[in-house]
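Q: I'm new to this one. Can you pull it up and walk me through it?

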Amino acid sequence: MEVRARAPGKIILTGEHAVVHGSTAVAAAIDLYTHVLFRLPSPSENHGSVELELKDLGLVFSWPSLRLEEAFREMGSLPSTPGPCPPDYMQIITRLVRARAPGKIILTGEHAVVHGSTAVAAAIDLYTHVLFRLPSPSENHGSVELELKDLGLVFSWPSLRLEEAFREMGSLPSTPGPCPPDYMQIITRLVEEKNIPEANIALCSGLYVFLYLYTSIHRFKPAIVAVTSELPLGSGLGSSASYCVSLAAALLALSDSISVDDGKNDWLTLEGSNLDLVNKWAFEGEKIIHGKPSGIDNAVSIFGKVLMFKSGDLSQVQCTLPLRMLVTNTNAARNTKALVAGVSNRVSRHLGAMHAVFAAPLTLLAKN
Ligand SMILES: Nc1ncnc2c1ncn2[C@@H]1O[C@H](COP(=O)(O)OP(=O)(O)O)[C@@H](O)[C@H]1O
Ligand SMILES: C[C@@](O)(CCOP(=O)(O)O)CC(=O)O
């Protein structure tokens, strides 16, 4: 069964805007139409979804019928006569996820941990928050938008532009792994197009991470992602890891890769394989920002509490008393990627001396 409908556009000859306030307007239909073709799938199509093809934009959206049924189950009854869209209905339609992940403080073993030594780190109660939402139908939003709220910056890539840019890649990654060089080249180009001022150049790596995670998990689907952080950026408190973790968690929560319980309004704590998946993606993000991270920052941001970490293995440190720490922000700008590379350079020149330095804090730990 198939139905086609069309309806024309209009031109307002006089009274535009005034008409909103009760004045008279004169308008005429024009002979440009929007066409809708609506068809029920044939039995052989084995089609269990509601599919929307926005042909002019080359976009297809599909919602499995079972998914819709599950999402709207909490609504007592669904509207069936024309009326304003009820707010709870709109919330289900727009789909919105908030995720947050904490920063960290490394108590001992910073840098040494990159070279296989043990480090001890604790999560702190300052968070990066990510809000990820799919636009409502009325927003007419054909872009992937990233709002960095604290910095007052908005970056937007039209979905069609992303699709065109990535067309040359055979297949896009969909499981966590290092960003392939040709993928990174395309991402770099997409960020360069934004002409980021020199003062904000450190942000570029955060944008690379965003585009890598977003396109790997959600391809080119239009969406709005807003980031805010309680952490100072680039001050050693792990803002990059908490950015990567909260971003990965928010993106995965609205994907098919992990399922979260929609029914609850409170914060959910991810567990088990879901947590591991977020950790893997976040670590790939950290690699983009830091070059060769140890993985301690994302591990602490993911698992919380106080952790002892060595070459990817971690164990929880039992603390019976609440830890109170006084942290001072020196406001001295630093670049973790360059520092990590600098230490590696020193290790290659003075191996013995550097290993003695790395081992010293552990001797202290062992004595206490
Ligand atoms: N809230 C955020 N918004 C955008 N980018 C962020 C945010 N937090 C961290 N980043 C990214 O992480 C980088 C800071 O990482 P890094 O230099 O390792 O410092 P930190 O010690 O805070 O982790 C920023 O330059 C940016 O690329
Ligand atoms: C220097 C290092 O030990 C920690 C980096 O932490 P931060 O991103 O500067 O907060 C590097 C690492 O462990 O990957």
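Q: How many residue pairs are in polar contact between domain 1 and domain 2?
A: Zero, counting pairs with both residues at pLDDT 80 or more. A polar contact is a pair of N or O atoms within 3.5 Å; within protein, one must be able to donate a hydrogen and the other to accept it, and residues adjacent in sequence count only if both atoms are side-chain atoms.

Q: Where does that pLDDT come from?
A: This is a predicted model: local features need pLDDT of at least 70, side-chain atom pairs count only at pLDDT 80 or more, and totals for chains, interfaces and linings use all residues. Residues are numbered from 1 along each chain as its sequence is written, chains are lettered from A and ligands numbered from 1 in the order in which they are written, and side-chain values use heavy atoms, leaving out hydrogens and water.

Q: OK. Which residues make up domain 1 and domain 2?
A: Domain 1 is 2-67, and domain 2 is 94-107 + 124-304. Those bounds come from an automatic or database domain assignment.

Q: How many salt bridges cross their interface?
A: Zero there too. The rule wants a side-chain nitrogen of Lys or Arg within 4 Å of a carboxyl oxygen of Asp or Glu.

Q: What area do domain 1 and domain 2 bury between them?
A: About 440 Å², with 59% of it on carbon and sulfur atoms. Buried area is the accessible area (1.4 Å probe) that two parts lose on being put together, summed over both.

Q: Which three residues supply most on the domain 1 side?
A: Leu57, Leu59 and Arg67. They give 71% of the area that domain 1 buries against domain 2.

Q: Switching to ligands. What surrounds ligand 2?
A: 18 residues, each with a heavy atom within 4 Å of the ligand. The closest are Lys104, His290, Ser294, Asp297 and Arg334.

Q: Which atoms pair up there?
A: A side-chain N or O atom of Ser294 is 2.6 Å from an oxygen atom of ligand 2. For a polar side-chain atom of His290, the distance to a ligand 2 oxygen is 3.2 Å.

Q: How much of ligand 2 does the protein bury?
A: 98% of the 380 Å² that ligand 2 exposes when taken alone. Accessible areas come from the Shrake-Rupley method with a 1.4 Å probe; for residues, only the protein chains shown count as cover.

Q: And which residues come nearest to ligand 1?
A: Gly234, Gly236, Ser239, His290 and Thr336, out of 21 residues around ligand 1. A polar side-chain atom of His290 lies 2.5 Å from an oxygen atom of ligand 1.
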